[in-house]
Amino acid sequence: MKKYRDDFPIFSKISSLIYLDSASTSQKPQCVIDSVSNFYTTYNSNIHRGLYKIAEMATLEVEKARIKISTFINASSPDEIIFTHGTTEGINIIMNGLKKFISEGSAILLTEMEHNSNLVPWQKIAKEKKAKLYYWAIDKNGQLCDEIKDEYNNIVFTSLLDIPLLSIVALCHVSNVLGTIVDIKKIASLLTEKYGDKNKPFIIVDAAQSAPHFSINVQDMGCDFLVFSGHKMMSPTGIGILFGKKKILKEIDPLIYGSQMIREVSKNLTTFTESPQKFESGTLPIEAIIGLSSAIDYLNRIGIKNVRMHEIELTEYAMIKMNKIEGLTIYGPLKSNDRSGAISFSLENIHPHDIAQILGDMNICIRAGHHCAQILHSVLGIQASARVSFYIYNDRDDVDLFISGIKKVKSIFKK
Ligand SMILES: Cc1ncc(COP(=O)(O)O)c(C=O)c1O
């Protein structure tokens, strides 16, 4: 994988950069940067409006991107792909659209591992509608277990199938802290078996940490919605994807009104376009969509399975080395096959911010804090953790330098 590092200009500009924070955002390859620059220098224009050549070119590129993304996650149609500004916006659109199906006493199931973006919107709507909010608990290895808790931490069910009036199941595909991979397909088939395809609860998948690294097949998974952010998969910031089943998208209302989502407006009545445009009001981040399209081409050239294999190998290598450091605790699944390339850890008696700060001074970029997963951290019994995360441009040398950095942190605090 070393060869891919050369595709990222930041590493030749800052040769000492050890970037281990891709779960936060990824670096961008030259081809993505070029595609954005090419848009601005050769066909910059708005889409779905102009009747001139460059506007037609821009529209074509954006719609080609939609098709490409649809194929990338195996949606049944490009109409199921909605451009958003990121995962957080995608979840808010879904929450807003599904609120008409939530009533007093309905149940919403999340996990204890959720990023705030897939938690706070559901908490808000649960309060508004007097719905019940449940959290699927994790065991000591960060895997979902047979405990479902209420908001006050009482174990109230032993299976999701026991929850009455279950209407929403919103889960991460991969935890941004523990790296845990959730078996969405299994959960979806359990729900389908119990409720049937038509009556099962809505299944919403936060794929922010999986889409950049794992092969995604929404039809095989059996989810109703899936969201992710382009910036974690080498595209520019400001672009995200919301996949939704066509049938459901038809039934739900958009979050934002105005501009392109309008079919006709009169003084007392407005009619709307169909999905996906219905959800895409205002001018889209065209250059970011073009950048994402180029990032998908790049990932396809490498092969998403090779990305995953590389990360398993690197995670395994890093975990073996990290486990040899006295006082270092790794959170989440023990085997690299069961997790992503994000490894959260703590060092006895050293605050994660101090670890990140000292490593930062050595140009080793890691993340420290609660990673927008405060509930998870309180379940783990810690305030914060440090996290390294890998992508295709990382190699064993990066891990070795990180391990030397950790040893240095320990030696500073020994004094
Ligand atoms: C699992 C998960 N969900 C949601 C988000 C939010 O993504 P964004 O800030 O791109 O909306 C993140 C970002 O770190 C994440 O890791």
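In what sense, right-handed or left-handed, does helix 5 pass helix 6? The crossing is right-handed. Before getting further into that pair, keep in mind that this is a predicted model.

**The chain as a whole**

Let's start with the big picture. The secondary structure adds up to 14 helices and 17 strands. Laid along its principal axes, the C-alpha trace covers about 75 × 60 × 35 Å. For 415 residues, a compact globule would be expected to have a radius of gyration near 22 Å, and the chain comes in at 22 Å, so the two agree.

**The sheet**

Now for the strands. Nine of them, or 9 strands if you like numerals, build an open sheet, running in the order 2-10-9-8-7-3-4-5-6 with mixed pairing. At the edges sit strand 2 (81-84) and strand 6 (155-157), each of which has a partner on one side only. Going from one strand to the next, the twist averages 25 degrees.

As background, strands of a sheet pair through backbone hydrogen bonds, and they can do so parallel or antiparallel. Which sense applies to strand 2 and strand 10? Strand 2 pairs with strand 10 (residues 240-244) in the antiparallel sense, over 4 bridges. If you want a spot to look at there, find Phe83, which stands opposite Ile241 in strand 10.

**Two helix pairs**

Two packed helices are described by the angle between their axes and the distance between the axes. Here are both pairs with those values:

| Helix pair | Residues | Axis distance | Angle |
|---|---|---|---|
| Helix 5 and helix 6 | 87-98 and 120-129 | within 9 Å | roughly 20 degrees |
| Helix 11 and helix 14 | 304-323 and 396-414 | 10 Å | about 20 degrees |

Back to helix 5 and helix 6, whose axes cross at roughly 20 degrees. Angles under 35 degrees count as roughly parallel, so helix 5 is roughly parallel to helix 6. On the helix 5 side, the contact uses Ile91, Asn92 and Met95, and these meet Pro121, Trp122 and Ile125 in helix 6. Sorted by class, that contact has 5 nonpolar residues, 1 polar residue and no charged ones.

Helix 11 and helix 14 pack at about 20 degrees, and they are therefore roughly parallel to each other. Their crossing is right-handed. Leu314, Tyr317, Ala318 and Lys321 in helix 11 meet Arg396, Val399 and Ile403 in helix 14. How many charged residues does the contact of helix 11 with helix 14 have? There are 2 charged residues, along with 5 nonpolar and no polar ones.

How values were computed. Residues are numbered from 1 along each chain as its sequence is written. This is a predicted model: local features need pLDDT of at least 70, side-chain atom pairs count only at pLDDT 80 or more; totals for chains, interfaces and linings use all residues. Two strands pair if DSSP finds at least two bridges between them. Helices (H or I, at least four residues) and strands (E, at least two) are DSSP runs, numbered from the N terminus. Axes are lines fitted to C-alpha atoms, for helices over the stretch in contact, and angles run from 0 to 180 degrees between N-to-C directions. Angles under 35 degrees count as roughly parallel, over 145 as roughly antiparallel, 65 to 115 as roughly perpendicular and the rest as oblique. A crossing is left-handed if the near helix is turned anticlockwise from the far one by less than a right angle, and right-handed if clockwise. Two residues are in contact if their C-beta atoms, placed from the backbone, lie within 7 Å. Ala, Val, Leu, Ile, Met, Phe, Trp, Tyr, Cys and Pro count as nonpolar, Asp, Glu, Lys and Arg as charged, and the others, Gly among them, as polar. The radius of gyration is taken over C-alpha atoms; the globule rule is 2.2 Å times the number of residues to the power 0.38.
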